[in-house]
Amino acid sequence: MAKIALITGITGQDGSYLADLLIEKGYHVHGIVRRSSSMNRARIDHLQRHEHGADQRLWLHYGDLADSVSLVKLLYQLQPDEIYNLAAQSHVRVSFDIPEYTADIVGVGAGRILEAIIESGIGKKVRFYQASSSEMFGKVQAVPQTETTPFYPRSPYACAKLMAHWLTINYRESYNLYACSGILFNHESPRRGESFVTRKITIAAARIKAGRQKDLYLGNLDSKRDWGYAKEYVEGMWRMLQQEQPGDYVLATNETHTIRDFLDAAFSRLNLDWHDHVKFDERLLRPAEVDLLIGDYAKAKRELGWEPQTRMQALAELMVDADRAALSGTS
Ligand code: NAP
Ligand code: G4F
């Protein structure tokens, strides 16, 4: 019998790669999608062939992390073996504009799913993954950051993620739930949302090379991030749910680079000099910034056998190549 997985946030970057991975592994994959006035399923369009017919592997259900009743009903009906909670208002800068909504979906939303697990009676068999974030380390208290580094969140988004993180641990301890929290450092890909800095840069580089754009407006170029490849990180999520005991794990590359370094890597791929094109826009600054992130993935390597393969330079290049191909219609 095929295992059943439920993914919240299936239309996002990570949800779509995770759906690819689980379908490849023979799972029956269910995803929660939000109703929107126009379709926003581009990242999972290629899986639509698995949505109908005898070999159906993908099922989509309308729902929302704000709607507890629909969550309880869905969990009861599906009786999933694994639940991956990836849904979020995931933009840090935007969380300063809509803090209440961010807290409701990112923080309380995780609580709604955990409670739905208990209410629907599937707590004994289900395995739960929570998408925690390196943003929780914020104003970092140690370098590099590990599973035991104290947290110091610097945005409404990070505060909400911290609530979800502790709820996951609390439900594990209170109800003996198999619940894991993956503390993932920034991970990117050609499917990355276009308003995150890496993708904003790679799209702009491709457009500038094609003569379709002249300038790129950015905010703080000095912050440092530990950037990995999203496709590799979803494998780590899955491995967390295959262990004998649940636990919390950092996934990272253990390398850190500034936004300037990423600009160098992306623009030089196209023989461009970013200094000729990048302009400063103070509206892109954040009320509080996270200056430095660098993760230590030793526990994931030891216990899950997980290691990152793709580092920043290669990541920037594969993203630029994908955006160039998309622009010229060859992808
Ligand atoms: P993403 O591309 O922004 O995707 C977010 C997903 O959540 C989308 O499918 C979105 O649906 C869905 N969503 C938003 N609000 C929802 C709601 N109210 N109810 C149901 N679904 C909702 O994010 P990502 O980069 O794939 O990240 C996946 C998760 O990992 C997120 O929780 C993020 O916070 C966390 N995380 C990401 C990183 C990273 O570097 N990427 C690092 C650490 C943690 P629509 O398509 O309808 O908008
Ligand atoms: O790409 P970013 O928006 O990613 P950020 O804030 O690190 O958050 C991402 O990673 C987290 C994991 O640590 C996730 F939890 C979260 O959901 C999200 O996926 O910004 C990276 C850096 C920041 O320091 C920002 O100030 O880039 C700087 N930056 C400079 N100019 C910009 C811009 N960021 C954005 N989004 N847009 C700019 O124009």
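The shell around ligand 2 is built from two domains: domain 1 (4-188 + 228-251) and domain 2 (197-224 + 256-293 + 310-328) each supply at least three residues, with the bounds coming from an automatic or database domain assignment. This is a predicted model, where local features need pLDDT of at least 70, side-chain atom pairs count only at pLDDT 80 or more, and totals for chains, interfaces and linings use all residues. Residues are numbered from 1 along each chain as its sequence is written, chains are lettered from A and ligands numbered from 1 in the order in which they are written, and side-chain values use heavy atoms, with hydrogens and water left out.

Around ligand 2 sit 24 residues, of which Ser133, Ser134, Tyr157, Arg286 and Glu289 come nearest; a residue counts as near if one of its heavy atoms lies within 4 Å. As for polar contacts (pairs of N or O atoms within 3.5 Å), a polar side-chain atom of Arg286 is 2.5 Å from an oxygen atom of ligand 2. The backbone joins in too: an N or O atom of Val197 lies 2.9 Å from a ligand 2 oxygen, and one of Gly219 lies 2.9 Å from a ligand 2 nitrogen. On its own, ligand 2 has 710 Å² of accessible area, and the protein covers 96% of this (Shrake-Rupley method, 1.4 Å probe). Helix H6 (197-209) and strand S8 (216-218) each give at least two residues to this shell; helices (H or I, at least four residues) and strands (E, at least two) are DSSP runs numbered from the N terminus.

Ligand 1 also has 24 residues around it, and Thr11, Asp14, Arg34, Ser90 and Tyr157 come nearest. Its oxygen atoms meet backbone atoms at Gln13, at 3.1 Å, at Ala88, again at 3.1 Å, and at His187, at 2.9 Å. Taken alone, ligand 1 exposes 910 Å², and the protein buries 90% of that. Helix H1 (13-24), helix H4 (99-119), strand S5 (127-133) and helix H5 (156-175) each give two or more residues to the shell, and S5 gives the most, with three.

As for the whole chain, there are 10 helices and 13 strands. The radius of gyration is 20 Å, close to the 20 Å that the globule rule gives for 331 residues, so the chain is as compact as a globular protein of that length; the radius is taken over C-alpha atoms, and the rule is 2.2 Å times the number of residues to the power 0.38. The C-alpha trace spans about 60 × 50 × 40 Å along its principal axes.

Definitions and conventions
A polar contact is a pair of N or O atoms within 3.5 Å; within protein, one must be able to donate a hydrogen and the other to accept it, and residues adjacent in sequence count only if both atoms are side-chain atoms.
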